[in-house]
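This briefing is addressed to readers at the bench. Please consult the sequence and the structure shown below while reading the points that follow.

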Amino acid sequence: MSSVADQESQFHVIVFTEQSWYEFKRAGASVAGARRSAWGRVRQIRPGNVLLGYLVNNQGFVGVLRAVGETYLGDEPPIWQTVHLPARVPVELVHELSVD
């Protein structure tokens with residue numbers, strides 16, 4: 001049985017609104033993003049690290065993601081229509097939690 005984390009993993013929290021979570025999933029759930037002001041924290045994420053998706057409006061966790069590539073600053077691919085999130089990390093959605 002594979003585990004979400006191993007002894008080398010680091011954990012990070014990435015914040016979503018309901019709209020940014022919807023847009024993230026609609027775009028294929030392959031790139032997570034944060035505001036430019038969070039770049040200092042985002043650039044510490046390494047491939048294999050686990051990201052815990054936190055939904056601010058519902059005050060709960062919505063998903064577990066794993067970083068699968070290097071972080072970058074940019075606007076490609078276009079994902080979010082309602083907010084500018086240029087601090088990015090390629091991810092895979094490991095597990096989605098229900099939003100109640």
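Which residue does the side chain of E92 meet in a salt bridge? The partner of E92 is R66, with an N to O distance of 3.3 Å. The model discussed here is predicted. The chain holds two helices and six strands, and the points below treat its fold, its charged pairs, its aromatic rings, its surface and some local features.

**Overall fold**

- Read from the N terminus, the order of the elements is β-α-β-α-β-β-β-β.
- The chain is as compact as a globular protein of its length, because its radius of gyration is 13 Å and the globule rule gives 13 Å for 100 residues.
- The C-alpha trace spans about 40 × 30 × 20 Å along the principal axes of the chain.
- Of the 100 residues in the chain, 40% are buried.
- When contacts between residues at least 6 apart in sequence are considered, 67% of them join residues at least 24 apart.
- The accessible surface of the chain amounts to about 6000 Å², and carbon and sulfur atoms account for 49% of that surface.

**Salt bridges**

- Side chains of opposite charge can pair when their charged atoms come close.
- Two salt bridges are found when the whole structure is searched.
- One of them pairs K25 with E96, and the closest N and O atoms of this pair are 2.6 Å apart. This salt bridge links distant parts of the chain, since K25 belongs to helix α1 (residues 18-26) and E96 to strand β6, with the two positions 71 residues apart in sequence.
- K25 has a relative accessible area of 34% and is therefore partly exposed. E96 is likewise described as partly exposed, with a relative accessible area of 37%.
- The salt bridge between E92 and R66 also links distant parts of the chain: E92 is in strand β6 and R66 in strand β4 (residues 60-67), and the two are 26 residues apart.
- E92 counts as partly exposed because its relative accessibility is 36%, a value that falls between the limits of 20% for buried and 50% for exposed.

**Aromatic rings**

- A pair of aromatic rings is described by the distance of the centres and the angle of the planes.
- The search of the whole structure gives four aromatic pairs. Among them is the pair of F16 and W21, whose ring centres are 4.9 Å apart and whose planes stand at 80 degrees.
- Why is the pair of F16 and W21 called edge-to-face? The planes are 80 degrees apart, and an angle over 60 degrees counts as edge-to-face.
- Both partners are buried: F16 has a relative accessible area of 2%, and W21 has one of 5%.
- F16 and W21 belong to a cluster that also takes in F24, with ring pairs as the links.

**Nonpolar surface patch**

- V13, V15, V56, F61 and L97 make a nonpolar patch of about 400 Å² on the surface.
- L97, one of the residues in this patch, is placed in the segment that follows β6 (87-96).
- The relative accessibility of L97 is 32%, so this residue counts as partly exposed.

**Backbone features in loops**

- The peptide bond that runs from E76 to P77 is cis, and its omega is near -5 degrees. P77 is in the loop that connects β5 (72-73) to β6.
- A29 is a residue other than glycine with a positive phi, near 55 degrees. The loop between α1 and β2 (31-34) contains A29.
- A29 counts as buried because its relative accessibility is 11%, and the limit for a buried residue is under 20%.

**Two glycine positions**

- G40 is placed in helix α2 (residues 39-42). With a relative accessibility of 35%, G40 counts as partly exposed.
- G40 and L51 are eleven residues apart along the chain, and 16 Å separates their C-alpha atoms.
- G60 is located in strand β4. Neighbours within four places in sequence aside, G60 has contacts with G53, Y54 and L55.
- From G60 to S98 the separation is 38 residues in sequence, and their C-alpha atoms are 9.8 Å apart in space.

Definitions and conventions. Residues numbered from 1 in each chain as written. Predicted model: local features only at pLDDT ≥ 70, side-chain atom pairs only at ≥ 80, totals over all residues. Heavy atoms only, no water. Phe/Tyr/Trp six-rings, centres within 6.5 Å; stacked < 30°, edge-to-face > 60°. Buried < 20%, exposed > 50% of the residue type's maximum accessible area, 1.4 Å probe, protein only. Patch = residues over 30% accessible without salt bridge, like charges linked within 9 Å, V, L, I, M, F, W, Y side chains within 5 Å. Areas by Shrake-Rupley, 256 points an atom, 1.4 Å probe, with all protein chains shown as cover. Salt bridge = Lys/Arg side-chain N within 4 Å of Asp/Glu carboxyl O. Helix = DSSP H or I, 4+ residues; strand = E, 2+ residues; numbered from the N terminus. Rg over C-alpha atoms; globule rule 2.2 N^0.38 Å. Contact = heavy atoms within 4.5 Å.
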